[in-house]
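Thanks for coming, everyone. Let me put the structure up, and then we go through the helix packing and a handful of residues.

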Amino acid sequence: MRNKENNLSGEYLILAGLMLIALVTLGLQVVRIFNVWNIAEFGAIGGVILAWILIFFGASAMGEASAEFKKVRIASAAMVIVTILQGILAFKNLKSGMMNQAYIDVTVMFAAYLGLLGLFYTYRTLLRGTALLIKREDPVLARGCMRAWKPACGIVILTMILIPISAMMPRIVEYIATGVLACLGLLAQGYMCKLLLDGKTTLDDARM
């Protein structure tokens with residue numbers, strides 16, 4: 001029991017990494033409307049790399065708590081590599097004179113989409129792992145964890161589709177729509193993080 005308790009402390013690192021990705025995504029979506037590309041894009045890539053490293057170390061600490069966290073450790077390691085490759089490809093395109101087009105190159109976008117899939121997989125796996133750990137202590141919260149990832153990740157995808165569409169609207173509409181949609185995506189990810197934190201709190205209370 002003590003080993004599992006110690007391992008669960010790694011969830012704070014995981015949550016820090018997930019929230020960093022959420023905040024980076026929010027910031028990038030907002031600054032894009034001001035045509036700030038190079039600094040914003042490379043800053044976002046650097047932030048995401050750091051976030052996946054935090055998730056990796058957190059999942060490594062929690063590996064013995066559940067098999068699901070071992071999967072997250074592997075996924076986060078893969079996402080570090082994918083994001084680094086994304087940055088290298090974007091930098092190569094930038095040096096070739098592509099300027100803002102460096103980030104919509106098909107290979108760079110493919111790496112970004114892989115990163116998004118990795119993020120959704122991580123949320124799904126973490127929420128499932130948390131649900132399995134707390135199903136006796138709090139079955140209602142466990143069911144919430146099992147069900148939350150689909151609608152929450154769906155909201156994130158929807159915001160990423162609608163924000164570029166808003167760029168075709170009048171400037172004031174674009175600003176408002178981008179702000180609202182970016183915050184909606186942040187709230188969806190924040191909700192999943194809250195469920196993970198509630199799950200840890202439930203387990204901590206059960207040990208007392």
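Start with α6 and α7. They cross in a left-handed sense. Their axes come within 9 Å, at a crossing angle of roughly 165°. That angle is over 145°, so α6 counts as roughly antiparallel to α7. What is in the contact? Its residues divide into 18 nonpolar, 8 polar and 2 charged.

Bear in mind that this is a predicted model.

Stay with this pair for two residues. Ser166 is in helix α6, which covers residues 139–166. Is Ser166 buried or exposed? Its relative accessibility is 2%, so Ser166 counts as buried. Set aside the neighbours within four places in sequence, and Ser166 is in contact with Glu174, Ala177 and Thr178. Those three numbers fall in the range of helix α7, residues 171–207.

Now Gln189. This one is in helix α7. At 3% relative accessibility, Gln189 is buried too. Which residues does Gln189 touch? Not counting residues up to four places away in sequence, the list is Leu18, Ile21, Ala22, Leu119, Tyr123 and Val156. Keep Leu18, Ile21, Leu119 and Tyr123 in mind. They come back with the next pair.

That pair is α2 and α5. Helix α2 takes residues 11–31, and helix α5 takes residues 106–134. Their axes come within 12 Å and cross at roughly 145°. The crossing is left-handed. Who makes the contact? From α2, we have Glu11, Ile14, Leu18 and Ile21. From α5, we have Leu119, Thr122, Tyr123, Leu126 and Thr130. By class, that is 6 nonpolar, 2 polar and 1 charged. And here are the residues I asked you to hold on to. Leu18 and Ile21 are on the α2 side of this contact, and Leu119 and Tyr123 are on the α5 side. Gln189 touches these four as well. So, on the slide, look at buried Gln189 of α7 against the α2 and α5 contact.

Next pair: α3 and α4. Helix α3 covers residues 38–61, and helix α4 covers residues 67–95. They pack at an angle of about 160°, with axes 8 Å apart. That makes α3 roughly antiparallel to α4. The crossing of α3 past α4 is left-handed. The contact residues here divide into 18 nonpolar, 6 polar and 1 charged.

Now some residues in α4 and α5. Take Ala90 first. Ala90 is in helix α4. It is buried, with a relative accessible area of 0%. Where is Val108 relative to Ala90? The two are 18 residues apart in sequence, and their C-alpha atoms are 6.2 Å apart.

Asn93 is also in helix α4. Asn93 has a relative accessible area of 11%, under the 20% cut-off, so Asn93 is buried. We can use Val108 as the reference again. Asn93 and Val108 are 15 residues apart along the chain, and their C-alpha atoms are separated by 9.2 Å.

Then Gly129, in helix α5. How accessible is Gly129? The relative accessibility is 0%, so Gly129 is buried. Leaving aside neighbours within four places in sequence, Gly129 is in contact with Ser66, Glu68 and Phe69. With Ser66, the chain separation is 63 residues. The C-alpha atoms of that pair are 6.3 Å apart.

Last, the whole protein. How many helices and strands are there? The count is 7 helices and 0 strands. From the N terminus on, the elements run α-α-α-α-α-α-α. Of the 208 residues, 44% are buried. Look at contacts with a separation of 6 or more: residues 24 or more positions apart account for 77% of them. Gly129 with Ser66 is one such contact, at 63 residues apart. The accessible surface comes to about 10900 Å². Carbon and sulfur atoms hold 70% of that surface.

To recap. The crossings of α6 with α7, α2 with α5 and α3 with α4 are left-handed. The axis distances are within 9 Å for α6 and α7, within 12 Å for α2 and α5, and 8 Å for α3 and α4. Questions, please.

Terms used. Residues numbered from 1 in each chain as written. Predicted model: local features only at pLDDT ≥ 70, side-chain atom pairs only at ≥ 80, totals over all residues. Heavy atoms only, no water. Axes fitted to C-alpha atoms, helices over the stretch in contact; angles between N-to-C directions. Helix = DSSP H or I, 4+ residues; strand = E, 2+ residues; numbered from the N terminus. Parallel < 35°, antiparallel > 145°, perpendicular 65-115°, else oblique. Left-handed = near helix turned anticlockwise from the far one by under 90°. Nonpolar A, V, L, I, M, F, W, Y, C, P; charged D, E, K, R; others polar. Contact = heavy atoms within 4.5 Å. Buried < 20%, exposed > 50% of the residue type's maximum accessible area, 1.4 Å probe, protein only. Areas by Shrake-Rupley, 256 points an atom, 1.4 Å probe, with all protein chains shown as cover.
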